[in-house]
Amino acid sequence: MDLDQQGREVSVRRGGWVFLLMFVIAGRAAAGELTALEQLGKRLFFDANLSSPAGQSCASCHSPETGFTGPVSATNQKTAVYQGAAPSRFGNRKPPSAAYASFSPKLGYEAADETYVGGQFWDGRALNLVEQAKGPFLNPLEMNNADAAEVVRKVQAADYWPLFVQNFEAELKTADMDAAFEMIARAIAAYEASSEVNSFSSKYDAYLAGKAELTVQEKRGLDLYVGKANCAACHPNDRGADGSPPLFTDFTYDNVGAPANPRNPFYQQTASVNPEGAKYRDLGIGGVLKQPDHYGKFKVPTLRNIDKRPSPDFVKSYLHNGTFKNLKEVVHFYNSRDQLPSEFADPDVLDNVNREELGKLGLTPAEEDDVVVFLTTLSDGYWNPASAAPPGPVAGPSPSGNPLVGDRFYGAGEVARVRRFHPRPPPVASEDRPPVR
């Protein structure tokens, strides 16, 4: 199963290219209800008995209150990296947001612009959302199960097992443990693709729908976002020509020159996990694919829910390693990295740093603040879009015909962006991908 089978179809052209995005929204999900499969996925997502030892669920690192990313303020403030189910085991990155991840295309290489697009995790090592859902269960630094059979047996013992049978009864008749594990991942992926996780309910969505007005400062921030600050180069904010809502990412990979996070506990992990110790550098997708021209590049995250917090004093962490602790720090870094280099540590990976689109933007401190204020309008929960007309035309049956999705989909959204990298062949499977986020 790939993302196309879940109703996500993407084709990319660069330069004067168009980013074709078709995504499915089930009729009931559009009204705020979950399908039976999404309900099952939600139960799995929040089940803390599915780790070894018990105590860690998907939601332990991807909480709704924080936009489906790290839910513990103290952890975000200190290390930004979450401990796995087994004591004293840590990965090397902060949890990415699970919200809107379902819209990412399957990992592929775009030859015209010499860049990778799509995939899951910060480094793209999972081709699609179903493969991503499997990863944490078997990762010794996360949920730490020995194999797929161990996860399946735990689900069989759960009180929601009848719901599992309801959704997969026919397939279960001939399924082995690996096939049942695939069903678990499919259910989680279905929940992660639901309107509960991807509600498009921010103030900015209300603004696009004509249901809210931006303040003077928010409007200044938006003008800077698409202009002087150049944020829209990687995080497009316009609707598609058909009215489909923006995703605030182009799903490509970039090295923004992020400094290492010296408080990352991965540096202190055993040699079996981190043989380089304190000399470790996170090579991103380039490390996964063993391609030096892509060292240090990480997936461009969505900016949706970038400031979603349960309280004003809650600390979130930013970039792949959580080295920055508030949006002001991030915007200042993007603005001044090359102009005031003494303010920041050297990039963790010096190769391939993007010096064309960021690093010396020329924003004033007040303009940095305006951009930050605009970013706060991207948090879901501001309004209920189900009370209004859909944000764009709805047409036809799902091209996949897959029962995982509904029977309607939105049309194409557009992005305009040009990137130039050294060409590389398409990605190939790697048997020694690191057990990290």
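Okay, one bit of vocabulary before we start: when I say helix or strand, I mean a DSSP run, at least four residues of H or I for a helix and at least two of E for a strand, numbered from the N terminus. And keep in mind that this is a predicted model.

With that, let's go to Ser104. Ser104 sits in the loop that runs between helix 3, residues 73–78, and strand 3, residues 108–110. Is Ser104 buried or exposed? Its relative accessible area is 0%, so Ser104 is buried. The side chain of Ser104 has a partner, too: a polar contact of 2.7 Å links it to the side chain of Lys299.

Moving along to strand 3 itself, we have Gly108. Gly108 comes out as partly exposed, because its relative accessible area is 23%, and the window for that class is between 20% and 50%. Setting aside neighbours within four places in sequence, Gly108 contacts Thr115, Tyr116 and Val117. There's also a long-range pair to look at: Gly108 and Thr252 are 144 residues apart along the chain, and their C-alpha atoms are separated by 9.9 Å.

Next, Asn198, in the loop between helix 7 (177–192) and helix 8 (203–208). Asn198 is buried, at 4% relative accessible area. What does its side chain reach at 2.5 Å? That would be the backbone nitrogen of Tyr100. A polar atom of the Asn198 side chain also lies 2.8 Å from the backbone oxygen of Ser194. And if you leave out neighbours within four places in sequence, the contacts of Asn198 are Ala99, Tyr100, Ala101, Ser102, Phe103, Glu192 and Ala193.

Now the loop between helix 2 (36–45) and helix 3, where His62 lies. His62 has 12% relative accessibility, so it counts as buried. A polar atom of the His62 side chain is 2.9 Å from the backbone oxygen of Pro96. The C-alpha atoms of His62 and Phe46 are 9.6 Å apart, with the two positions 16 residues apart along the chain. Pro53 is in the loop between helix 2 and helix 3 as well, and the peptide bond leading into Pro53 from Ser52 is cis, with omega near -5°.

While we're on backbone oddities, here are two positive phi values. Asn144 is not a glycine, yet its phi is about 70°. You'll find Asn144 in the loop between helix 4 (129–138) and helix 5 (148–156), and at 19% relative accessible area it is buried. Lys290, also not a glycine, has a phi of about 55°. Lys290 is in the loop between helix 10 (284–289) and strand 6 (298–299), and with 53% relative accessibility it counts as exposed.

Last stop, helix packing. Helix 11, residues 327–336, packs on helix 12, residues 365–375, at an angle of about 130°, with the axes 9 Å apart. That angle is why helix 11 is oblique to helix 12. The crossing of the two is right-handed. From helix 11, the residues that meet helix 12 include Leu327, Val331 and His332; on the helix 12 side, Pro365, Val372 and Leu375 are among them. By class, this contact has six nonpolar, three polar and three charged residues.

And which residues of helix 12 are buried? Glu367, Glu368, Asp370, Val371, Val372, Phe374 and Leu375. The buried residues of helix 12 pack against helix 8, helix 9 (216–226) and helix 11. Okay, that's my tour; over to you.

Technical notes. Residues numbered from 1 in each chain as written. Predicted model: local features only at pLDDT ≥ 70, side-chain atom pairs only at ≥ 80, totals over all residues. Heavy atoms only, no water. Buried < 20%, exposed > 50% of the residue type's maximum accessible area, 1.4 Å probe, protein only. Polar contact = N/O pair within 3.5 Å; in protein donor to acceptor, adjacent residues only side chain to side chain. Axes fitted to C-alpha atoms, helices over the stretch in contact; angles between N-to-C directions. Parallel < 35°, antiparallel > 145°, perpendicular 65-115°, else oblique. Left-handed = near helix turned anticlockwise from the far one by under 90°. Contact = heavy atoms within 4.5 Å. Nonpolar A, V, L, I, M, F, W, Y, C, P; charged D, E, K, R; others polar.
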